[in-house]
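Grab the coordinates and work through these exercises with me. Each one sets a task and then solves it step by step.

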Amino acid sequence: MSIARITIMNYKDEKDLERSEELYLSIQKEYFPNAELVANVQTGPKSIMSLAIYPSYKEAEKNLEGRQRFQEAIEGALVDSFYYEGDLTYFYKNPMAKIGSKYSEKDRKYFASRTFD
């Protein structure tokens, strides 16, 4: 059974959130290679919720080191960060859906090619 990890992050200011999301795009494939689905939702001007789905708890656990590295990289910008995880009990995607987001795979590749200070 798949599991979901939901991370909530609250930032000091809006620019911190934007820089953090760009950094995340640059490291997502390297730090979280086992994630089968990732959806980030900006829940306020300075907050974000990230939903990641993994094939199992064992596979999700493999990414905890990457999660820690990412959290350490952004800790100066955070007010707080925490996560929940649990069994995925239902998943639906309308086959006709045309889901759009602020960032795309093209953006992820762009940020992955940059270096961050």
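**Exercise 1. Work out how S1 pairs with S4, then build the rest of the sheet.**

Step 1. Start with S1 and S4: they run antiparallel and are joined by nine bridges. Strands here are DSSP runs of E with at least two residues, helices are runs of H or I with at least four, and both are numbered from the N terminus. Two strands pair if DSSP finds at least two bridges between them. For a register mark, find isoleucine 3, which stands opposite aspartate 87 in S4.

A quick note on the ground rules: this is a predicted model, where local features need pLDDT of at least 70 and side-chain atom pairs count only at pLDDT 80 or more, while totals for chains, interfaces and linings use all residues. Residues are numbered from 1 along each chain as its sequence is written, and side-chain values use heavy atoms, with hydrogens and water left out.

Step 2. Now go to S1 and S3, also antiparallel, with eight bridges. Here arginine 5 stands opposite alanine 52 in S3.

Step 3. Add S2, which pairs with S3 (residues 47-54) in the antiparallel sense over seven bridges. Glutamine 42 stands opposite isoleucine 48 in S3.

Step 4. Put it together: an open sheet of four strands in the order S2-S3-S1-S4, with antiparallel pairing. That leaves S2 (37-44) and S4 (78-87) as the edge strands, each pairing on one side only.

**Exercise 2. Describe helix H1: its length, its kink and its start.**

Step 1. Count and span: H1 has 18 residues and reaches 24 Å from its first C-alpha to its last, close to the 26 Å expected at 1.5 Å a residue. That expected span is 1.5 Å times one less than the number of residues.

Step 2. Look for a bend, meaning the angle between axes fitted to the seven residues ending at a residue and the seven starting there. H1 has a kink of about 40 degrees centred on leucine 25.

Step 3. Check the N-terminal end: aspartate 13 caps H1, with a side-chain oxygen 3.0 Å from the backbone nitrogen of lysine 15.

**Exercise 3. Is methionine 49 buried or exposed, and what does it touch?**

Step 1. Place it: methionine 49 is found in strand S3.

Step 2. Methionine 49 is partly exposed because its relative accessible area is 24%, and the class runs between buried (under 20%) and exposed (over 50%), using a 1.4 Å probe and protein chains only.

Step 3. Leaving aside neighbours within four places in sequence, methionine 49 has contacts that include Ile6, Ile8, Val41 and Thr43. Contact means heavy atoms within 4.5 Å.

Terms used
A polar contact is a pair of N or O atoms within 3.5 Å; within protein, one must be able to donate a hydrogen and the other to accept it, and residues adjacent in sequence count only if both atoms are side-chain atoms.
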